[in-house]
Each structure stands twice: as structure tokens, then as C-alpha cells.
Amino acid sequence: MEPIVFIPGLLCTEILFAPQLGAFSDHPVMVADHRSHESIAAIAQAILAAAPERFSVVGLSMGGYIALELVRQAPGRISRLALLNTLARPDTPEQTEHRERLIALANDGKFDRVAPALFPKFVAPARTGDETLRETVEEMAHETGPQAFIRQQHAIIARIDQRPNLAAITCPTLVLAGEQDRLMPVEVVRELHEGIPASRFECLSGCGHLSTLEQPTDVIRILKDWITC
């Protein structure tokens, strides 16, 4: 079975992919740790140093930014690409300003406010009262910690515009959006599909940003199709 590298999003850990890791237990799997570097390029280099020679990659949100950089740096090593709830564009000034406010909270010893502030944007409106999901997000934030969160935000702010590189991606690619994703609107995620020739687009109805936790069964089904196509 082909190895799969899963790359979590901002403030997320392997818990983000817990349902999918169980479903792909017959594959060699690795969950990337992106907490130690301050640039997307450096994170990608560290993953390439630790990963098998050739592998499939699944990245959600920030994990998608890193996945695109992996393909840019080492296209011959990536056999399949799954981009979940992510985009190719760089930050807008407004997004960067919001990230800097969250960084300030963490620097001021108020990191415990970050996950509660992000949770309503992480999930579909109907899931904002889901205490189990909220606790999961807060657990991942606690595992990440304030200093790693700050490094992640700096990496995201400084990321490059990957849109000019999309046409060079030739491996089978899945692009997945959440219909109610308030961080990555469907039309912005769809740009990835429109730019990558060998891509397939899926949109999950009623789903927010954390698709792997909000609709795990659907994501597993789609990934199973992707890994065998």
C-alpha cells in the first residue's frame, strides 16, 4: 500500500485526521508536525526529509498550503494530492491583520482565548453548539501551544501565491470544499480545481472548515476513491 502523509491545519494536530487514520490503517501513514518552523518552505523541507521517497499527501487548510509547497519543491515524490478546505492565494491585508491580533493575544498570555475565538469560523453554523467538537478544537490548540501557534501564523502570513504553480501539478488531485466554510469559501477553493489539470472537485453540503471532523464518513469515502483512482 502506498504511504500517505497527512498534514493538519493551523492549531490542529493528528486529532484532525483521527477518523481517516483509522480508515487507512492498511496504509503506511505519517502525520506531519508543522510546529517547529516559521516558513511554509522550511516546513515542507522538514517533511520531505522525514517522509518516504514517494507518497500521497492529504492537507487541510494550512496543511494544504504545505502540500502545495511539497509539490512545488519535489513534484516527482508526490504521487497523489488531496487539498481539503484550502486555497492557493496569499493572505489579504485584512486576513494578515486578523492573524496579527491573534498573535498579540498569544504573546500577551491570552492564548486560551484563541481557540474559542476561532471555533465559530472553523465549523458550519449548525455545529457551533457542538460541545464535543468544541472540546476537540480546544484540545488540539492546547497540544499546539502558543509559541508553535505564533510560528504557524508567521509561516501562513509569509506564504507565497501558489496560483502560478497550479498548472504544473500533474498528479491525480482531489480538491474538497465545505459548502458552509466561512474561512475558505467554495468559489476560492474551486480555483485550485480550475488551475490544476488533473484534479477532481467535491463540495460537502452543510460542511464547514473542519471537514474531516464534521463529516468524517463522507471525507473517508471521497479519499478512498481518490487513493484508488
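**Exercise 1. In this predicted model, determine which helix gives the largest share of the lining of the largest pocket, and describe that lining.**

Solution. The largest share of the lining of the largest pocket comes from α4, which gives four residues. The lining as a whole is made up of 23 residues, and those that lie nearest the centre of the pocket are Leu10, Tyr65, Arg99, Leu183 and Met184. Turning to the elements, α4, α5 and α7 (146-157) are those that give two or more residues to this lining. Sorted by class, the lining has 12 nonpolar, six polar and five charged residues, and the space in the pocket comes to about 350 Å³.

**Exercise 2. Work out how the axes of helices α4 and α5 are oriented to each other, and state which residues meet.**

Solution. Begin with the axes: those of α4 (residues 93-107) and α5 (residues 114-122) come within 10 Å and cross at roughly 150°. An angle over 145 degrees counts as roughly antiparallel, and α4 and α5 are therefore roughly antiparallel to each other. Next, look at the side of each helix that takes part: from α4, His98, Leu102 and Leu105 meet Val114, Leu118 and Lys121 of α5. This contact has, by class, four nonpolar residues, one polar residue and one charged residue.

**Exercise 3. Find how many cavities of 30 Å³ or more the whole structure holds, and characterise the largest cavity.**

Solution. A search of the whole structure finds one cavity of 30 Å³ or more, and about 70 Å³ of space lies in the largest cavity. Its lining consists of Ile40, Tyr65, Leu68, Glu69, Leu87, Ala88, Arg89, Arg159, Ile160 and Gln162. Helix α3 (residues 62-73) supplies the largest share of this lining, three residues. By class, the lining of the largest cavity has six nonpolar, one polar and three charged residues.

**Exercise 4. Establish the strand order of the open sheet, and then place helix α8 on the sheet.**

Solution. The open sheet has six strands, which follow the order β2-β1-β3-β4-β5-β6 with parallel pairing. Its edge strands, each of which pairs on one side only, are β2 (29-31) and β6 (199-204). Direction ignored, neighbouring strands of the sheet are turned by 15° against each other on average. For one pair in detail, β3 (residues 55-60) and β4 (residues 78-84) pair in the parallel sense over six bridges, and the bridge partner of Val58 in β4 is Ala82. Helix α8 (residues 186-195) packs on this sheet, where α8 touches β4, β5 (173-178) and β6, and the direction of α8 makes about 160° with that of β6.

Technical notes:
Residues numbered from 1 in each chain as written. Predicted model: local features only at pLDDT ≥ 70, side-chain atom pairs only at ≥ 80, totals over all residues. Heavy atoms only, no water. Axes fitted to C-alpha atoms, helices over the stretch in contact; angles between N-to-C directions. Parallel < 35°, antiparallel > 145°, perpendicular 65-115°, else oblique. Contact = heavy atoms within 4.5 Å. Nonpolar A, V, L, I, M, F, W, Y, C, P; charged D, E, K, R; others polar. 1 Å grid on protein atoms, 1.4 Å probe; cavity = no way out; pocket = protein on both sides within 12 Å on 5 of 7 lines; lining within 4 Å. Points joined across faces, edges and corners; volume = space filled by probe spheres on them. Pairing = 2+ DSSP bridges.
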